[in-house]
Amino acid sequence: MAFFPAYTDDEIIEFLKIHAPHATVITTAAELAPHQAGKYGMGAGSGQLLAYIEVADTADIQGVLQTARKFHLPVIPQATATSTVSGSDGEDHALLLSTRRMNKIIEVNRADQVAVVQPGVINQDLDNAAREVGMFYAPDPGSKPISAVGGNTATNAGGMSTVKYGATRDNVLGLKVILADGRELSLGHRTLKQAFGYNLTQLFVGSEGTLGVITEVTVKLMPIPLGQPITGMAFFSDMKTLAAAVTEIRASGVYPAMLEALDGPTVAALDRYEGTHYAQGNGALLILRLDNGGAEALQRVQGILANFDAQHISVTSDPEEQAAILKLRQDMLPAVFANGSHVMEDMAVPLSQLANMMDYIAKIAKELDVEIYTAGHAGDGNVHPTLIWPKEQTEVPAKVTKALQLMFREALRLGGTISGEHAVGLLKNQWNNEELGENVDQLQHQIKALLDPMNLLNPGRKID
């Protein structure tokens with residue numbers, strides 16, 4: 001097919017460098033290769049990037065978007081490339097816009113209990129800065145040490161403390177965003193209440209870079225709770241029983257800060273990975289944490305655990321012992337991933353259906369003969385089954401794809417969602433119609449067309 005370009009790539013790059021003067025622009029194939037796909041996703045992007053651009057300021061972002069409009073190029077916003085759903089993988093002839101260099105903590109304000117940060121600030125660094133003044137930043141995705149607040153905001157990242165403190169959405173008060181046409185919007189406030197106008201702040205939280213490029217985030221900070229936190233673990237006969245116990249703990253008035261579940265195969269994988277012996281004679285593992293409430297809260301939780309025949313219950317307030325227990329959850333992913341090629345999924349169901357979802361996953365693993373390791377944030381109904389197959393198989397086996405389809409549809413049937421916290425990216429955008437229905441699916445496309453009429457921003461992500 002004949003193709004008669006109006007501009008050469010060199011002319012486009014020259015225009016880009018003039019209009020994004022403070023940015024680092026990479027264009028050679030060898031240097032672009034590491035940025036083509038994030039190492040935590042499935043490599044669903046395709047084609048060769050035209051340029052990888054690390055912007056330094058808002059003027060650079062506006063210059064990148066001006067280039068994209070002039071030459072009709074897709075722009076892929078990216079923070080630290082930790083997406084598990086190929087949310088910022090490269091596309092053919094695209095501009096990959098990285099905000100990694102925009103990593104300044106602008107303000108940590110103890111009196112207002114807020115922080116203001118640029119999008120490239122690492123989640124853990126923000127939390128550390130908050131703790132220096134007696135506060136903390138609650139959202140704690142598993143990628144906390146490596147993911148950025150901008151990316152967390154774009155994907156509405158969750159984490160282990162969501163059960164008590166909510167996901168990123170619940171902790172964002174305001175944003176600055178640059179639209180595809182170059183306008184910069186200031187959305188929301190630094191007040192804890194805000195009722196004026198449409199809530200556009202929350203429209204951009206979780207929009208996955210498809211509506212605008214986030215340049216600044218104002219977040220809530222929380223005071224560090226009084227008292228000595230308590231961390232514990234308990235074993236159950238299976239995940240269904242564990243889930244039922246979690247439902248009771250959630251309804252008890254205790255307000256736990258963490259309720260994490262690991263099934264038997266996952267605990268066995270941890271034993272292999274760490275040389276421990278937790279799996280011997282035990283089933284599913286519950287890791288829990290109380291950050292306040294004292295003896296009364298602990299007594300209430302222990303009573304519930306006993307009612308569900310939990311075994312080998314142990315609790316501690318010793319910091320080193322707590323760290324050892326929490327390390328089990330932190331090491332879960334490398335322990336599971338060591339067993340072969342993998343895909344880790346992300347579904348959430350109503351708490352009343354969590355036990356049924358756990359039971360269904362175990363049933364599918366047996367019926368389809370698929371190796372599945374199930375863990376998750378049980379306290380908020382968020383389930384992460386990881387499906388494993390031999391490393392020598394380069395393609396995802398058909399039975400793994402079938403298992404995913406069945407689990408997705410079961411989560412929807414139970415009133416849940418097929419993306420609790422990992423976003424949609426390129427991997428799940430074909431499920432919009434099935435989860436949301438035709439009317440909502442169409443409305444999402446209309447919103448996208450209003451804010452990004454040329455379909456330049458992260459095309460194909462979030463919605464197909």
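In this predicted model, Glu107 has a relative accessibility of 25% and therefore counts as partly exposed, since that value lies between the 20% and 50% limits. Its salt-bridge partner is Arg190, and the closest N and O atoms of the two residues are 3.0 Å apart. This pair joins distant parts of the chain: Glu107 belongs to strand β5 (residues 105-109), whereas Arg190 sits in the loop between β9 (184-188) and α7 (200-204), 83 residues apart. Arg190 is likewise partly exposed, because its relative accessibility is 31%. The pair also has company, as Glu107, Asp112 and Arg190 are linked in a network of salt bridges.

Arg190 appears again in the surroundings of Thr218, a residue of strand β10. Once neighbours within four places in sequence are set aside, the contacts of Thr218 are Val114, Ala115, Val116, Asn171, Val172, Leu173, Gly174, His189 and Arg190. With a relative accessible area of 10%, Thr218 falls under the 20% limit and so counts as buried.

In total, 19 salt bridges are counted in the model. Side chains of opposite charge can pair when their charged atoms come close. A further example is the salt bridge between Glu208 and Lys462, with an N to O distance of 3.6 Å. Here too, distant parts of the chain are brought together: Glu208 lies in the loop between α7 and β10 (213-220), and Lys462 in the segment after α16 (438-451), with 254 residues separating the two. The partners of this bridge can be described one at a time. Glu208 is buried, because its relative accessibility is 6%. Lys462, at 24% relative accessibility, counts as partly exposed.

Two helices are connected by the salt bridge of Asp359 with Lys240, in which the closest N and O atoms are 3.7 Å apart. Asp359 is found in helix α13 (residues 354-368) and Lys240 in helix α8 (residues 239-250), 119 residues apart in a pairing of distant parts of the chain. Asp359 is partly exposed at a relative accessible area of 39%, and Lys240 is partly exposed at 36%.

Both of these helices also contribute to the largest nonpolar core. That core holds 50 residues, of which Phe236, Leu242, Leu286, Leu305, Met357, Leu387 and Met407 touch the most other members. Two or more residues come from each of β12 (230-236), α8, β13 (258-262), β14 (284-290), α10 (294-307), α13, β19 (382-389) and α14 (398-413). The most is given by α13, with eight residues. Around Phe236, neighbours within four places in sequence aside, the contacts are Thr241, Leu242, Ala245, Gly283, Ala284, Leu286, Leu305, Phe308 and Ala310. Apart from the largest core lies another one of 26 residues, including Ala51, Ile53, Val64 and Ile178. In soluble globular proteins, nonpolar side chains tend to be buried together.

Finally, attention turns to enclosed space. Rolling a probe the size of a water molecule over the atoms shows where empty space is left. The model has one cavity of 30 Å³ or more, and the volume of the largest cavity is about 30 Å³. Its lining consists of Thr84, Val85, Val343, Met344, Glu345, His422, Leu427 and Lys428. Sorted by class, four of the lining residues are nonpolar, two are polar and two are charged.

Conventions: Residues numbered from 1 in each chain as written. Predicted model: local features only at pLDDT ≥ 70, side-chain atom pairs only at ≥ 80, totals over all residues. Heavy atoms only, no water. Salt bridge = Lys/Arg side-chain N within 4 Å of Asp/Glu carboxyl O. Helix = DSSP H or I, 4+ residues; strand = E, 2+ residues; numbered from the N terminus. Buried < 20%, exposed > 50% of the residue type's maximum accessible area, 1.4 Å probe, protein only. 1 Å grid on protein atoms, 1.4 Å probe; cavity = no way out; pocket = protein on both sides within 12 Å on 5 of 7 lines; lining within 4 Å. Points joined across faces, edges and corners; volume = space filled by probe spheres on them. Nonpolar A, V, L, I, M, F, W, Y, C, P; charged D, E, K, R; others polar. Core = buried A, V, L, I, M, F, W, Y, C linked by side-chain atoms within 4.5 Å. Contact = heavy atoms within 4.5 Å.
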